Amino acid sequence: MNSASTDSPFGTYPLKLSAVFVLLLLLTWWFYQVALSGPFMFDDPDNLSAMRGGVTDWVSLQHYLSHGNAGPLGRPLSKLSFLLNDNNWPSTADTFKYTNLLLHMLCGVLMFAGLRLALRARLSVAGADWTALFISALFLLHPLQVSTVMYVVQRMTQLASLFILAGVAVHCYVRMKYPQLGVKHLFWLGLSAALCTLLAVLSKESGALLPVYLLIIEATLLAERDAGRLFTWWRRIVLGLPTLGLLAYLCYLPRWVNSYTHRDFSLTERLLTEPVVLWDYVGRILSMKVSGLGLFHDDYPVYSSLAEPRVWLALVAILAVAALALIYRRRSPLLCFGVLWFLGGHLIESTTPALELYFEHRNYLPMIGPLLVVLELLRLGFNRISADLPKFIPLFAVLVTALAGLSTWGYASEWRSLRTIIPIWAVEHPDSPRAQRGYAYTLASIGMPRVALQTLEEAAARFPADLSFPVMSLDVSCAYDLPPRYDLTALAAGIEQYEITDGLRPALTSVFRRLDGNRCMELAEGLHLLVASLERIGKAEALPRSIAGFHVLDGNLYIRERKPFLALRSFAKIDQIKPTPDSALRLADLYLLMADFESAIRFVELARERDEARRFGISAQKRGLYADKIEFIQAKRAEFAAGYN
């Protein structure tokens, strides 16, 4: 693939290359389109439901951007991109998935553009172009990418990757076009790196890796292209300092130790497990195996001792290949680039931050590394065995690409419906609580509630500390008018044996909403008892926001039961646990409902004070909204007084 026979960029060669690439994009569309009719998945509503009521003005836009489970920076650019598909909720998923697929294809275009430029520093023009095309083909058609492309909320990963790839493409273009870089070139390079990093970070925090990726390219593929002393200093300042800052941030252990209180594993256990996870990722990338893929990896084993063979073997292997890649980065640039690109791509999401252990989307960009390493090893091996064998590499590339595409098509077809994919994931992940929850709800939705209840009972026995399974059982029993298998009073009495899990909030939310008029209202008293007991549940102190959320459900139910004084108790508890402008406004609305106008005004003013105390304060428009609300309450007070008199 590095033959120089077609080095000329003129004639029919560019046309052939372009035609093959267009064909690749068409195949990508065709293999994925079968999944475009699929539904929203698990975290999608958390990030999109803030559109409820419509995003039609500045106030509703602010509300939408400030709500949802979207990382510490809020990922505003990604959330804004969702408004391209709809500005209200509930919605349908097909247009969101359509946009995700277009973004995936655009990422493939930028990857091809940037990689072919970088590889030309080490290969012939034809060799670089066809190698970049093959890697881009696998990037576009690899089955591991389905859970990123067809999971709507992972547009955040795609957009961050898009801006990273744009930054890489611009950097490689300038570096390859100008052997010596002047101040003007460095200015535009710096502006590109800064702008693309900013856009990537506003899409997802992993976008901060762009300087790392550029340093890896400079240290390997472009290491022999000396652009002058000025560029050396530019590289140290513009790329080196941000990379050192990121490494220092990740290595500052006091920042991370206390952030694991809500996890089922510690920082030490995560650091011991992630080397094993990384090798698991490599195996998935190279094997293209579909079985076991999906969104449920909460069953991944947690390692707690360095003495376990799998842990120290994985750790030693990673340290060894990383060290060799740094040492031999000039002698074997393609191999070392592949190794460092993969490891660099996992610096944030597979190290110290208190994230979950395993997610497939973390390999969206890093997968380029192992693919290039294997391709380069094959090329070197073929060259060593026989001079004729490299001629078969194009055939190998076509066969592997076809295999990847067919695997992706088969796997994507399972994403058309939850009824199709959830049972498969449940069978493949029997020790995943999330998979079993999804399976139970799927069974209930297709008219098999008794089987769903049996599934939940078996899962409750397998995961005895997970309260979500008994609560889900009560929800299904209520929905299908079946005898309940659990008693809420007994659950509340034994609450200490349970822990808060990620399934408890949606389970409780569903059963609370299920109560309507005379429907299942016999559960109301037990639900109030359960919420009151949740302050004693495991991990309650570490998750005050979750406890506050449960009291919101409790208070809203009291309002529906026309028991405002009991609702006041719940809402006051929220304001005590997690005081925010929203908690104060909730109390203000309740006092208004109770015709306690003075208290209502007092809590509106408290909400305004809390908003003003925030880091960036509040806008004049929002301050006006507070004033309007106070004016409205005063008008209601006047009406009430006039009616009373």
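Good morning. The largest cavity in this structure has a volume of about 120 Å³. The model is a predicted one, and I shall begin with its enclosed spaces before turning to an open pocket, the nonpolar cores and the cysteines.

The largest cavity is lined by 14 residues, and those closest to its centre are Ser161, Ser206, Glu349, Leu365 and Pro366. Helix α8, residues 155–177, supplies the largest share of that lining, namely three residues. By class, the lining holds six nonpolar, five polar and three charged residues. In total, four cavities of 30 Å³ or more are counted.

The second largest cavity contains about 90 Å³ of space. Its lining includes Leu110, Met111, Gly114, Leu115 and Ala118, together with Leu165, Val168 and Cys172. Ile217, Phe337, Trp341 and Ile368 also belong to the lining of the second largest cavity. The elements giving two or more residues to this lining are α5 (94–119), α8 and α15. Of these, α5 gives the most, with five residues. What is the chemical character of this second lining? Eleven of its residues are nonpolar, one is polar and none is charged.

I now turn to the open space. The second largest pocket encloses about 1100 Å³. There are 41 residues in the lining of this pocket, and Leu247, Leu340, Leu343, Gly344 and Leu347 lie nearest its centre. Two or more lining residues come from each of α10 (210–219), α11 (229–251), α13 (267–287), α14 (309–327) and α15 (333–345). Helix α11 contributes the most to the pocket lining, with nine residues. The pocket lining divides into 25 nonpolar, eight polar and eight charged residues.

Next, the packing. In soluble globular proteins, nonpolar side chains tend to be buried together. Here, the largest nonpolar core has 135 residues, and Leu48, Met150, Trp415 and Trp425 have the most contacts inside it. Leaving aside residues up to four places away in sequence, Leu48 touches Phe40, Tyr64, Phe82, Trp89, Phe96 and Val152. Apart from the largest core lies another, of 43 residues, among them Ala459, Leu504, Leu515 and Cys520.

Cys520 leads to the disulfide chemistry. The count comes to one disulfide, and it joins Cys478 to Cys520 with an S to S distance of 1.9 Å. The torsion about the S-S bond of Cys478 and Cys520 is about 110°, so this disulfide is right-handed. Cys478 sits in helix α21 (residues 468–479), while Cys520 is in the loop between α23 (504–514) and α24 (524–533), so the bond ties together parts 42 residues apart in sequence. Cys478 is buried, at a relative accessible area of 6%, and Cys520 also counts as buried, at 9%.

Cys172, by contrast, is in no disulfide; the nearest cysteine sulfur, that of Cys196, is 12 Å away. Why does Cys172 count as buried? The reason is its relative accessibility of 1%, which falls under the 20% limit for a buried residue. Cys172 is also one of the residues lining the second largest cavity. Cys251 is exposed, because its relative accessible area of 56% is over the 50% limit.

One last residue deserves mention. Thr197 has its place in helix α9, residues 183–203. Thr197 counts as buried because its relative accessibility is 17%. Beyond residues up to four places away in sequence, Thr197 touches Gly207, Ala208, Leu210 and Pro211. Thank you; I welcome your questions.

Key. Residues numbered from 1 in each chain as written. Predicted model: local features only at pLDDT ≥ 70, side-chain atom pairs only at ≥ 80, totals over all residues. Heavy atoms only, no water. Helix = DSSP H or I, 4+ residues; strand = E, 2+ residues; numbered from the N terminus. Buried < 20%, exposed > 50% of the residue type's maximum accessible area, 1.4 Å probe, protein only. Contact = heavy atoms within 4.5 Å. Disulfide = S-S within 2.5 Å. 1 Å grid on protein atoms, 1.4 Å probe; cavity = no way out; pocket = protein on both sides within 12 Å on 5 of 7 lines; lining within 4 Å. Points joined across faces, edges and corners; volume = space filled by probe spheres on them. Nonpolar A, V, L, I, M, F, W, Y, C, P; charged D, E, K, R; others polar. Core = buried A, V, L, I, M, F, W, Y, C linked by side-chain atoms within 4.5 Å.
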